[in-house]
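User: Hi! Could you walk me through a few local features of this structure?

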Number of protein chains: 2
Amino acid sequence: MADQPFDLLQRDSQTQARRGRLHTRRGVIETPAFMPVGTQGTVKGMLPEALTEVGAQVILANTYHLFLRPGHELIERLGGLHRFMNWDRPILTDSGGFQVFSLGDLRQIDENGVVFQSHLDGARHLLTPEVSIAVQEALGSDIIMAFDECIPHPATREYTKISTDRSGRWAQRCKLARRDDDALLFGIVQGGMYPDLRQKSAEELVAIGFDGYAIGGLSVGEDADLMYTMMEQTLPHLPATAARYVMGIGTPENLIEAVARGADMFDCVMPTRNARNGVLFTRSGRLSIKQARYREDPGPIDPDCGCMVCRQYSRAYLRHLYQSNEILASVLNTHHNLAYYLDLMAGARHALDNGTFAVYRERFYQQRNRQTDELD
Amino acid sequence: MADQPFDLLQRDSQTQARRGRLHTRRGVIETPAFMPVGTQGTVKGMLPEALTEVGAQVILANTYHLFLRPGHELIERLGGLHRFMNWDRPILTDSGGFQVFSLGDLRQIDENGVVFQSHLDGARHLLTPEVSIAVQEALGSDIIMAFDECIPHPATREYTKISTDRSGRWAQRCKLARRDDDALLFGIVQGGMYPDLRQKSAEELVAIGFDGYAIGGLSVGEDADLMYTMMEQTLPHLPATAARYVMGIGTPENLIEAVARGADMFDCVMPTRNARNGVLFTRSGRLSIKQARYREDPGPIDPDCGCMVCRQYSRAYLRHLYQSNEILASVLNTHHNLAYYLDLMAGARHALDNGTFAVYRERFYQQRNRQTDELD
C-alpha cells in the first residue's frame with residue numbers, strides 16, 4: 001500500500017505504550033491487538049462466529065501447514081483462505097520460516113532458501129522468499145510476513161550475524177516478489193540476543209521500507225528479562241509511525257510488558273493450546289481445571305469475566321467435561337482463554353484512550369497475584 | 001402427572017403415522033421427534049445454542065455415565081442436570097440398564113437388581129429399579145425411563161420370558177419408587193423377538209399405567225425387517241393416546257419406517273457418532289467426507305440442507321478439517337448430521353399436518369437412492 005497504513009492515535013505519558021489503528025483491505029485492527037492462531041485454517045475449537053464474539057479482529061494462519069495441506073493452490077482455486085474457512089476479517093500469514101527452521105535435520109538452508117521434508121509425508125519441498133510470498137498471496141493474506149530465519153537460542157554471534165544478514169537479503173527479495181499491492185507486507189527484525197545486530201537489522205529493513213515491522217526470534221527459550229531487554233533495544237529503531245508486531249509471545253504478563261515497551265501486535269498459541277490442556281487464564285492467575293478442588297465448584301472460571309462460558313458454565317461442569325475428554329471441554333476452554341486475552345488487549349486500548357495505562361498495568365499485577373494454581 | 005400428557009393431533013390416512021404433542025414440565029415436544037444423545041452431560045461437540053439452532057426439542061442423557069461421573073448427587077447439589085449443562089428444554093434420561101447389561105462379565109443380575117463394576121475404575125455398584133429412579137430424579141430428568149433389562153439378540157424364548165417378566169416386576173417397583181410427580185415416567189416393553197411376549201409385556205405395562213411407553217430391545221443386531229415386524233406386533237398393544245418411544249434407533253430409513261408404523265419418539269447415537277467418523281447424512285444418501293473425491297469440492301454437504309454448515313462451508317473445507325484431525329471437523333459434522341435428523345422429523349411432522357406423509361415417505365426414498373458412498 002502506498003500510504004502509511006498505521007495511525008498512531010495516542011502515546012502513553014508514562015510508558016512507551018501506544019494506541020493505534022492498522023488499516024487493511026478487510027478492515028481496521030485497533031491496537032494493541034492479540035491475534036488468535038489458526039494454524040490449519042481454523043482456530044482450534046472456535047467457530048468464526050465465536051471468534052467474532054470474543055472480539056478477534058484478525059487471526060494468524062500458518063503458511064507452512066496450509067502449503068502442505070490442503071495446499072495453497074487448492075485454497076486459491078476455492079476462492080482463498082477467507083472463503084475456505086468462512087472468516088471475513090483480516091488474516092495475517094506467517095512466512096512458513098519458523099516451522100521450516102524448527103524441522104532440524106529435515107531441512108537444509110542456503111542463500112536461495114530452504115529445502116525441507118514435510119512432517120506429514122516426508123516429501124521434499126523448497127521454500128524461498130519468492131515462494132513464501134507467492135503462497136501467502138495465493139492464500140489471500142491481508143498481512144504478509146517476509147521470509148526469514150528465526151534464530152534458535154542460544155546462538156553464537158557469528159551465526160547470528162550470518163543468518164540476520166541473509167534474512168535481510170531475503171527481506172529485499174520478498175519486497176521485490178510481492179504482486180498483491182493491496183495486502184500489507186511486514187519485515188521481520190532478527191539479530192538474536194545481540195542488540196547491535198538487532199539495530200542493524202531494523203535499520204536495514206526500514207531502509208527497504210515495509211508496511212509494518214515485526215520483531216522475530218523472541219520467546220525462543222530466553223528468560224523474560226532478556227526478552228524485554230531485546231524489545232527495548234529494538235523498538236526504538238523502528239518508525240513510530242508504523243505498526244510493530246512482536247511475534248510468538250506470550251503470557252499475559254509478556255503482552256502487558258510488550259505493550260508498555262511500544263509493541264502493537266501479538267500472536268501466540270498459549271491461550272488456545274493451554275485451553276486444550278485444561279489450563280485457564282483468569283484475572284487472578286492461572287487455573288488448572290482438572291484439579292479436584294474444582295470438582296463441585298459452582299462458580300465461573302473467572303468471576304470478573306463476561307464471556308459466554310463464564311456467564312453460563314461452572315468450574316464443576318468444565319472439570320467434568322475435561323475429565324470426560326469431551327469435545328466441549330476444548331471448545332469452552334478455548335473460548336474463555338481467547339476472551340481473556342482479547343479482553344486484556346481491549347482493556348489496554350481503553351486505558352490508553354483514557355491515559356490510564358500505567359494504572360491498568362499496576363492493577364493487572366495486583367489482581368494477578370491472588371491465585372495461581374501449581375501446574376503439573 | 002395425573003392428566004394424559006400426550007395430545008394425538010393427527011392420524012395419517014394411509015399409514016399408522018401420528019402427529020402428536022407431548023407435554024413436559026419444561027415445555028412441549030412436537031412428535032414425531034428425534035432426541036440427540038448427550039451421554040455425559042453434553043451432546044458431543046454441540047453447544048446448547050447449536051442444539052436449539054438445529055431444532056432439538058429434547059435431549060437424552062445417560063444415567064449410567066452420569067451416575068459414575070461426576071455423580072448424580074453432585075449434579076443435584078449443583079442444581080440439577082439442566083443447570084449443570086446449560087440446557088433448559090426437556091431432558092429424557094435412560095434408566096442405566098442398557099449400559100449395565102452391556103458390561104457382560106462385569107455385572108450380575110438377580111431379582112433385586114444388578115451389581116456391576118464401573119468401566120472407569122472397576123468399583124462395584126448396585127443398580128435397582130429404586131436406585132435408577134432416584135438417580136434420574138436427582139438429575140432432574142423430565143422424562144424418566146423405567147429400569148429394565150435390554151435382552152441381547154438372539155435370546156432363547158425361555159430366557160426372554162424370564163427377563164421380560166422380571167422387567168415387568170421392576171416396572172411396577174419403578175412406579176412405586178417415583179417421588180417427582182412432575183416428571184413423566186415411561187414404561188418399556190421388552191419381549192425380545194417373540195410377538196406374544198411383546199404383547200404380554202405391553203399389556204402388563206398398560207395395566208400398571210405409565211405416562212408414555214417405550215419399545216426397548218430393538219436394533220440389537222436383528223435385521224431391519226424383523227425390527228419392523230416387532231414394531232408392528234407391539235405398537236397396536238399400546239394406547240393410541242400415549243406417546244410411544246422406540247429406543248435406540250436408527251438410520252434415517254428406520255425412523256421413517258417407525259413413524260409409518262405409529263412411533264413418536266426416537267434416540268440414537270448414529271448422527272453424532274457417524275459425524276465424528278466423517279460420515280455425513282444427506283437427502284441423497286451417505287457421504288464419507290474423507291474420500292479424495294471431495295478434495296476440491298466447493299459445494300455444501302447437502303445442497304438441499306439449510307443448516308449453518310451447509311450455508312457456509314464446502315465439502316473441501318470439511319474434508320481438510322477431517323484429514324487434519326481438527327476439533328471443528330467434529331463440531332461442524334455433528335451440527336449438520338443433527339440438523340439432517342431433526343429436519344427429517346420436522347418434515348414428517350409437516351407432512352402429517354398436511355395429510356401428505358405417504359408422499360413424504362416416497363420422496364424420501366426417491367431422493368435417497370441418488371448417491372451413497374461406499375463406507376469403509
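User: Is E111(A) buried or exposed?
Analyst: Happy to help! This is a predicted model, where local features need pLDDT of at least 70, side-chain atom pairs count only at pLDDT 80 or more, and totals for chains, interfaces and linings use all residues. Residues are numbered from 1 along each chain as its sequence is written, while chains are lettered from A and ligands numbered from 1 in the order in which they are written. A residue is buried if 20 or more other C-beta atoms (placed from the backbone) lie within 10 Å of its own, exposed if 12 or fewer, and partly exposed in between. With 8 other C-beta atoms within 10 Å, E111(A) is exposed.

User: How are helix α7 (residues 157–177) and helix α8 (residues 195–208) of chain B oriented where they pack?
Analyst: Helices here are DSSP runs of H or I, at least four residues, and strands are runs of E, at least two, numbered from the N terminus. The axes, lines fitted to C-alpha atoms over the stretch in contact, lie 10 Å apart at about 10°, with angles running from 0 to 180 degrees between N-to-C directions. Angles under 35 degrees count as roughly parallel, over 145 as roughly antiparallel, 65 to 115 as roughly perpendicular and the rest as oblique. Therefore α7(B) and α8(B) are roughly parallel.

User: Which strands stand at the edges of the open sheet with the order β8-β9-β10 in chain B?
Analyst: Two strands pair if DSSP finds at least two bridges between them, and the pairing in this sheet of three strands is antiparallel. An edge strand has a single partner strand, so one side of it is left without a neighbour in the sheet; in chain B these are β8 (107–109) and β10 (124–127).
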